[in-house]
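Student: I have a model open and would like to learn to read it feature by feature. Can we go through it together?
Tutor: Yes. Put it on screen and ask away.

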Amino acid sequence: MNSNFMPPPVPRPKLDEVNCPDHPNAQMIEDYRAGDMVCSACGKVVVERCVDVTSEWRSFADSGEDKSRVGEAENHLLTGSGLGTVAERTSHLSHRDTFDYSKQTMLRSQGSMDRNLSTGYREITAMADRINLQQTIITRAQTCYKQLVESGKYRGKNRAGIAASCILIACRQEGVSRTFKEIVAISNVEKTELGRTFKKVLKALESSVEIIKSGDFMARFCGNLELPHSVRKASEHIANQAYELNIVSNRSPVSVAAAAIYLASQASDTKKTREEISEISGVADITIKQSYKMMLPHAEALFPENFQFACAIKDLPPS
């Protein structure tokens, strides 16, 4: 008799075909912790140590969707959609060296364009997180960055300046305007450098953005200053009238917005100082003062007709 003879394995029934021999119509309950199939009628363990072939992630969705853990989601912002697998022999390396080697191998496996994109995306995300920008703005900025890299029209070495410019463009396109000073603060890029890079990026993308207006900042500035709705509406009216009457034609929109808020608040019950407005808007105190002094002589024509004055125009502070 052959001593190496092995009896053939006993075929195991498929899980969807398992029935209790005593209660063939009873529903089977799967004990995921123990790996057993149990009869719901008598509690008899019909199958032991059955293998769970579903994905290792549990799904808590109402739809019962079977989530699958097979790597990262496809990333359309990368040229290869972020898909790919690299396997190399590392048995001669220690555990720590294996990790470092695998990391370097993964980086080498990426094309130079994808490496450039990944670095730029991380920089954009880090900057945007500092001022709590929405994900839609981050994605739009990353899309602008990808178009710029793929076009090859502007290959500047200042990646931070390019990333900051893409954020600035995305903010304006999404209708969430940010000032140059705010973007400078999160990017550590000089204002003059950001201005040059911004223009070059717009030209390379063959894109345009709407010109910012004082009203684009009113809601955010007044909200942060906790000013009532009536003061915000008055501030918007004052800024618009100041432009129409050609009073502040040589002033930036954010400076006009800050001065209009100061003027409206001083005429209301909720007064704010130039220092408070300067801290929120990023406009220098002296700049607010200068713009305010330009508006004050025309205050009667600037305020809306239905504004409830808590302080008469003649009693407003001179500066």
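Student: What is the order of the strands in the open sheet, and is the pairing parallel or antiparallel?
Tutor: Keep in mind that this is a predicted model. The general idea comes first. Strands of a sheet pair through backbone hydrogen bonds, in a parallel or an antiparallel way. Here the order is E1-E2-E3, and the pairing of these 3 strands is antiparallel.

Student: Which strands stand at the edges?
Tutor: Strand E1 (28–31) and strand E3 (45–47). Each has a single partner strand, so one side of each lacks a neighbour in the sheet. From one strand to the next, the twist averages 40°.

Student: How many bridges join E2 to E3?
Tutor: Strand E2 (residues 36–39) is joined to E3 by 2 bridges. For a landmark, find Val-38, which stands opposite Val-45 in E3.

Student: What does the secondary structure of the whole protein come to?
Tutor: 12 helices and 3 strands. Of the 319 residues, 38% are buried.

Student: Take one helix, H5. Which of its residues are buried?
Tutor: In H5 (residues 180–187), they are Glu-182, Ile-183, Val-184, Ile-186 and Ser-187. Next, look at what they pack against. The partners are helix H2 (112–130), helix H4 (159–173), helix H6 (191–205) and helix H7 (215–224). Just after H5 comes Asn-188, with a positive phi near 60°.

Student: H7 is one of those partners. Where does Gly-215 belong, and how exposed is this residue?
Tutor: Gly-215 is found in H7. Its relative accessible area is 37%, so Gly-215 counts as partly exposed. Also check across the chain: the C-alpha atoms of Gly-215 and Ala-257 are 7.1 Å apart, though their positions lie 42 residues apart in sequence.

Student: Now the rings. How many aromatic pairs does the structure hold?
Tutor: There are 7. To classify a pair, read the angle between the planes; over 60 degrees counts as edge-to-face. Tyr-262 and Tyr-292 have ring centres 4.7 Å apart and planes at 70°, so this pair is edge-to-face. Tyr-262 lies in helix H9 (residues 253–266) and Tyr-292 in helix H11 (residues 285–295), so the pair ties together parts 30 residues apart in sequence.

Student: Are those two tyrosines buried or exposed?
Tutor: Buried. Relative accessible area is 5% for Tyr-262, and 0% for Tyr-292.

Student: Which residues do ring pairs link into a cluster?
Tutor: Phe-303, Phe-307 and Phe-309. The rings of Phe-303 and Phe-307 have centres 5.1 Å apart and planes at 40°, so that pair is tilted. Both Phe-303 and Phe-307 are buried.

Terms used: Residues numbered from 1 in each chain as written. Predicted model: local features only at pLDDT ≥ 70, side-chain atom pairs only at ≥ 80, totals over all residues. Heavy atoms only, no water. Buried < 20%, exposed > 50% of the residue type's maximum accessible area, 1.4 Å probe, protein only. Helix = DSSP H or I, 4+ residues; strand = E, 2+ residues; numbered from the N terminus. Contact = heavy atoms within 4.5 Å. Pairing = 2+ DSSP bridges. Axes fitted to C-alpha atoms, helices over the stretch in contact; angles between N-to-C directions. Phe/Tyr/Trp six-rings, centres within 6.5 Å; stacked < 30°, edge-to-face > 60°.
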